[in-house]
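I opened my notebook for a slow look through this one. Here is what I looked up, entry by entry.

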Number of protein chains: 2
Amino acid sequence: MKPHLKPILWENRNLHIIDQTLLPGALNHIPITTLQEAEDAIKLLKIRGAPALGIFAGFALLAIVIHEKPKNVSEAIQIINHSADVIKKTRPTAVNLFWATDRILKVVNNTSHETLNNLLNNIEQEALNIYQEETKACEQIGIYGSSLIKNSTTILTHCNAGALATGEYGTALSPIYIAYEEGKSVHVYADETRPLLQGARLTAWELQYAGIPVTLICDNMAGQVMKEKKVDMVIVGADRIAKNGDTANKIGTYSLSVLAKYHGIPFYISAPSSTFDLNISNGSQIPIEERNPDEIYFFNNKRIAPEGISIYNPAFDVTPAENITAFITEKGIIYPPFDKTIPKTIGNKNEKK
Amino acid sequence: MKPHLKPILWENRNLHIIDQTLLPGALNHIPITTLQEAEDAIKLLKIRGAPALGIFAGFALLAIVIHEKPKNVSEAIQIINHSADVIKKTRPTAVNLFWATDRILKVVNNTSHETLNNLLNNIEQEALNIYQEETKACEQIGIYGSSLIKNSTTILTHCNAGALATGEYGTALSPIYIAYEEGKSVHVYADETRPLLQGARLTAWELQYAGIPVTLICDNMAGQVMKEKKVDMVIVGADRIAKNGDTANKIGTYSLSVLAKYHGIPFYISAPSSTFDLNISNGSQIPIEERNPDEIYFFNNKRIAPEGISIYNPAFDVTPAENITAFITEKGIIYPPFDKTIPKTIGNKNEKK
């Protein structure tokens, strides 16, 4: 078996990431040493996926300060605080980016460091903690999720909620990786996921890398595949889950949930407990973000739609709780009635902003 | 109001077509004078859509023979028979191509022509007959279909079954054009229609050309649009309709029919009576053609999916009769029970192969 795919490598205090913009054409690990490189990596989507961004932020702050060769503790702290400011501004909606950066800043600013080496060790420990906690949660999601996967199972997924979006394993793909490692035969249908094609470019690629059989389809083929082929279950990730179970995820997820229901196919959301937002009672409170229409007007710099027409480009949609069979989390599998089981399993931790 | 969009122009015995491969970038009418040009136009999809191909074949045969300047009737007939052979081989599944070519050949070979001019006049008359019959059928579909469209109606469509696929008006888009000409306010949501993007490149373009408000979406957004926006009806075309009403159409149509049913939105198939195949009792007898996976592997010559993965690329799917509200044909609107109403309305004409 191949070693696990890791989008972020931290070895001998050197940070490398897979440049995801080059996939599936090339698997290149690029070094990140300066603030400019870290900023570009996030902005240009060389690294993406909420959990992966959090992990990246921790290591990037350390790599940057090491590269700058500060003379003393206070100079180092200055560099870190400035870098954290810049990194937090790269993607304003990436919650994990703020959360992870703040964890590092807390270590830097709220404890005393006798030597420069102490400081660097303390930061490294916290960055490794973030990495290990995130990876452990994903692995645990996979262990719970794999219990739902029998031998010879066909699973349909959407977008990329795989290893490339996290530290390792992924969220939606983690149950599939673990089932495969346990020796079960699995086959994945991956929606290409327009407009940005994360399914074609990333999910198909990382499953192939792991040796898991994958068949790529266009999004509009999912209904036909459910009708004609043996699709045993749908597993997708989540961006935000309300207290009642209504779930925001990549655009197309809602359509898939309707198709799954029509065909009697179980529909699972796979996400860490940090994705649950218990301050939101239901999905109507989740705003639908619209993205740049150029994502649909153009493809690979070629115009594919006429100038001047209207384009609607919602980035995600909300799947109502009644279309969801269960949530696969690192705290266990959550079944209906969600308005009772979600608060009970996830706890009150996520109830404060 | 702008003149109607006509993909095929026949003026002063000169044939011009809109080169659809250049849309939406440029609206170029290119001349067709030689057999080579006619063959390339079909093979390279400069002209496409079953009704449009039939009309094109009639005029192309005439344009070719005029260009060759034959000395007498028998030389002209030889040129036409040879050209017809070549044109029929361009796209083996295009039924209208065979049907129209055979109508011209029947005129050429089964009647006597005193002079070369007689022959050319007779061919021209039959080519114009084909054009007028096809256009009339599409217009009549539109008149019947428009009766279903109230003022301020939002319609969702898939692929391109518009003027560009026919002589004028289209099939799925004809009710929309007629409603618009009757002064009704209409708004169209057009699925981009992966993998070949006929919705983005052609439907959005021709509706914009006609001045009809159109909003382009990715295929995976249709469910969200139905849930969030006011979609009053879905109208799509058809490739083949079985005796019980099961309908083969562009891949993605089946998923749309399920989504429409879930949201309580009427779902119409708009097609001429020639699309009904009463020799087929139901959709299970319609084979699902798979197309070249390169349509999904590559986009604009750039690889978007990893080499070596599996791809499933069905060209169409079958929508079961129970998901269809009614058929809009030139013979009237056909409502359930389809197993009774289809044979009654369409008649026995289509029951022989």
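**Entry: L196(A).** I started with a single leucine: L196(A) has 29% relative accessibility, so I file it as partly exposed, since that class lies between the 20% limit for buried and the 50% limit for exposed. I keep in mind that this is a predicted model. I found L196(A) in the loop of chain A that runs between β5 (186–191) and α7 (198–210). Leaving out residues up to four places away in sequence, I noted R201(A), R291(A) and E295(A) as what L196(A) touches. I also checked F316(A), 120 residues from L196(A) along the chain, and got 12 Å between the two C-alpha atoms.

**Entry: chain A as a whole.** I counted 11 helices and 17 strands in chain A. Is its radius of gyration in agreement or at odds with that of a compact globule? For 353 residues the rule gives a value near 20 Å and chain A has 21 Å, so the two agree. The C-alpha trace spans about 65 × 50 × 45 Å along its principal axes. I see 59% of the 353 residues of chain A counted as buried. Of the contacts in chain A between residues at least 6 apart in sequence, 74% join residues at least 24 apart. Chain A exposes about 13800 Å², with 50% of that coming from carbon and sulfur atoms.

**Entry: helices.** I went to α3 of chain A (residues 73–88) and tested its length: at 1.5 Å a residue its 16 residues should span 22 Å, and the end C-alpha atoms are indeed 22 Å apart. Its buried residues include V73(A), I80(A), S83(A) and V86(A). V86(A) came up again when I looked at E39(A), which touches V86(A) and T90(A), residues up to four places away in sequence not counted. E39(A) sits in helix α1 (residues 35–43) of chain A, and I was pleased to check that this glutamate is buried, at 17% relative accessible area. In chain B, helix α6 (residues 174–181) is mostly covered, with 6 of its 8 residues buried; Y177(B) and I178(B) are among them. After α6(B) comes G183(B), with a positive phi near 90°.

**Entry: backbone oddities.** Which residues have a positive phi although they are not glycines? I noted Y169(A), at about 70°, and C159(B), at about 60°. Y169(A) lies in the loop between β4 (153–157) and α6 (174–181) of chain A and is buried, at 9%. C159(B) is in the loop between β4 (153–157) and α6 of chain B and is buried too, at 10%. I also wrote down two cis peptide bonds: L23(B) to P24(B), with omega near 0°, and P336(B) to P337(B), also with omega near 0°. P24(B) is in the loop between β2 (14–18) and β3 (29–31), while P337(B) is in the loop between β17 (332–334) and α11 (338–346).

**Entry: core and symmetry.** The largest nonpolar core has 147 residues, and V234(A) and V234(B) are among those with the most contacts inside it. V234(A) touches L156(A), M226(A) and F267(A), among others, again without residues up to four places away in sequence. Last, I superposed chain A on chain B: a rotation of 180° with 0.0 Å of shift along its axis does it, at an RMSD of 0.1 Å. That is how a two-fold axis relates copies. Since 100% of the interface residues of chain A are also interface residues in chain B, the copies meet through the same surface.

Methods: Residues are numbered from 1 along each chain as its sequence is written. Chains are lettered from A and ligands numbered from 1 in the order in which they are written. This is a predicted model: local features need pLDDT of at least 70, side-chain atom pairs count only at pLDDT 80 or more; totals for chains, interfaces and linings use all residues. Side-chain values use heavy atoms; hydrogens and water are left out. Helices (H or I, at least four residues) and strands (E, at least two) are DSSP runs, numbered from the N terminus. The expected span of a helix is 1.5 Å times one less than its number of residues. Buried means under 20% relative accessible area, exposed over 50%, partly exposed in between (1.4 Å probe, protein chains only). Copies are superposed by least squares on the C-alpha atoms of residues with pLDDT of at least 70 in both. Contact means heavy atoms within 4.5 Å. A nonpolar core is a set of buried Ala, Val, Leu, Ile, Met, Phe, Trp, Tyr and Cys residues joined through side-chain atoms within 4.5 Å. The radius of gyration is taken over C-alpha atoms; the globule rule is 2.2 Å times the number of residues to the power 0.38. Accessible areas come from the Shrake-Rupley method with a 1.4 Å probe; for residues, only the protein chains shown count as cover.
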